[in-house]
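Welcome! Have a look at the chain below, then work through the exercises with a pencil in hand. Each task comes with a solution that goes step by step.

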Amino acid sequence: MSLPTCLAASTFAPEAFVLTGGAIRLDGKSEPEPDIAVVRGTPADHFGGKPGPDDVLLLVEISQSSRAYDLGEKKATYARYGIKEYHVYDLVHRRLEIFRRPDPSGEYLEHMTVLETGAIPGLELPLGPLLTRARGEKG
């Protein structure tokens, strides 16, 4: 991690920090730059290098024109490398897609959609549990 990236990272919690616009290292060839990453440790722990999959607690992409890529190839790559939690905020549809429990096959085993309602500003509805109940499944 470079000095400018370290300086751009703000403290998230005593055991983690937020990295904005910096690269993470998935392997020797793949170093994506998510919009936001919550990373284990402190910026000093990663000085001179990039956080790897075991260091990443959460990745977030802010999506508008890149939605298909963010929810397709990028999501599959993050799941294959074991990124524990991946969020895609869809600016067009004003919803948050949350993916958890990565599988080496390139899928996340848990998915939830949070929709911002227009009726009550700031109220968000988690659609995953609501749809599960509506279908009569246990969630």
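Before we start, here is a term you will need: a residue is buried if its relative accessible area is under 20%, exposed if that value is over 50%, and partly exposed in between. Keep in mind, too, that this is a predicted model.

**Exercise 1. Getting an overview**

Describe the secondary structure of the chain and how much of the chain is buried.

*Solution.*
Step 1: Count the elements. The chain has 4 helices and 8 strands.

Step 2: Put them in order. Starting at the N terminus, the elements read α-β-β-β-β-α-α-β-β-β-β-α.

Step 3: Turn to burial. Of the 139 residues in the chain, 39% are buried.

Step 4: Look at the surface. About 8000 Å² of the chain is exposed, and carbon and sulfur atoms supply 56% of that area.

Step 5: Check how contacts span the sequence. Among contacts with a separation of 6 or more, 41% are between residues 24 or more positions apart.

**Exercise 2. Finding the core**

Work out which residues have the most contacts inside the largest nonpolar core, and which elements each supply at least two of its residues.

*Solution.*
Step 1: Recall the general idea. In soluble globular proteins, nonpolar side chains tend to be buried together.

Step 2: Find the core in this chain. The largest nonpolar core holds 16 residues, and Ile24, Leu59, Tyr78, Ile83, Tyr86 and Tyr108 have the most contacts inside it.

Step 3: Trace the contributors. At least two core residues come from each of β2 (16-20), β3 (36-40), β4, α3 (73-80) and β5 (85-90).

Step 4: Look for a second group. Apart from this core lies another one of 5 residues, including Ala16, Val18, Val38 and Val60.

Step 5: Zoom in on one member of the largest core. Beyond its neighbours within four places in sequence, Leu59 is in contact with residues including Ile24, Pro34, Tyr78, Ile83 and Tyr86.

**Exercise 3. A helix and a charged neighbour**

Decide whether α3 is largely enclosed or open, and then describe the surroundings of Glu61.

*Solution.*
Step 1: Count the buried residues of the helix. Since 6 of the 8 residues of α3 are buried, the helix is largely enclosed by the rest of the structure.

Step 2: Name them. The buried residues are Lys74, Lys75, Ala76, Thr77, Tyr78 and Ala79.

Step 3: See what comes after the helix. α3 is followed by Gly82, which has a positive phi, near 80°.

Step 4: Move to Glu61, in strand β4 (residues 56-63). Its relative accessible area is 3%, so Glu61 is buried.

Step 5: Connect the two places. The side chains of Glu61 and Lys74 are joined by a polar contact of 3.2 Å. Among the other residues that Glu61 touches are Asp70, Tyr78 and Tyr89.

**Exercise 4. A hairpin**

Explain how β5 and β6 are arranged.

*Solution.*
Step 1: Check the direction. β5 and strand β6 (residues 95-103) run antiparallel, joined by 6 bridges.

Step 2: Look at the turn. The two strands form a hairpin with 4 residues between them, and Arg94 in this turn has a positive phi of about 50°.

Step 3: Find a facing pair. Tyr89 stands opposite Leu96 in β6.

**Exercise 5. Salt bridges**

Compare the surroundings of the salt bridges made by Lys50 and Arg95.

*Solution.*
Step 1: Start with the principle. Side chains of opposite charge can pair when their charged atoms come close.

Step 2: Note the total. The count for this model is 8 salt bridges.

Step 3: Examine the Lys50 pair. Lys50 and Glu31 meet through their side chains in a salt bridge of 3.4 Å, N to O. The pair links distant parts of the chain, with Lys50 in the loop between β3 and β4 and Glu31 in the loop between β2 and β3, 19 residues apart. Lys50 is partly exposed at 34%, and Glu31 is partly exposed at 38%.

Step 4: Examine Arg95. Arg95 pairs with Asp90, where the closest N and O atoms are 3.8 Å apart, and with Glu97 at 3.3 Å, N to O.

Step 5: Apply the burial cut-off. Arg95 has a relative accessible area of 23%, so Arg95 is partly exposed. Asp90, at 1%, counts as buried, as does Glu97 at 6%.

Step 6: Put the pieces together. Arg67, Asp90, Arg95 and Glu97 are linked in a network of salt bridges.

Methods:
Residues numbered from 1 in each chain as written. Predicted model: local features only at pLDDT ≥ 70, side-chain atom pairs only at ≥ 80, totals over all residues. Heavy atoms only, no water. Buried < 20%, exposed > 50% of the residue type's maximum accessible area, 1.4 Å probe, protein only. Polar contact = N/O pair within 3.5 Å; in protein donor to acceptor, adjacent residues only side chain to side chain. Contact = heavy atoms within 4.5 Å. Areas by Shrake-Rupley, 256 points an atom, 1.4 Å probe, with all protein chains shown as cover. Core = buried A, V, L, I, M, F, W, Y, C linked by side-chain atoms within 4.5 Å. Pairing = 2+ DSSP bridges. Salt bridge = Lys/Arg side-chain N within 4 Å of Asp/Glu carboxyl O.
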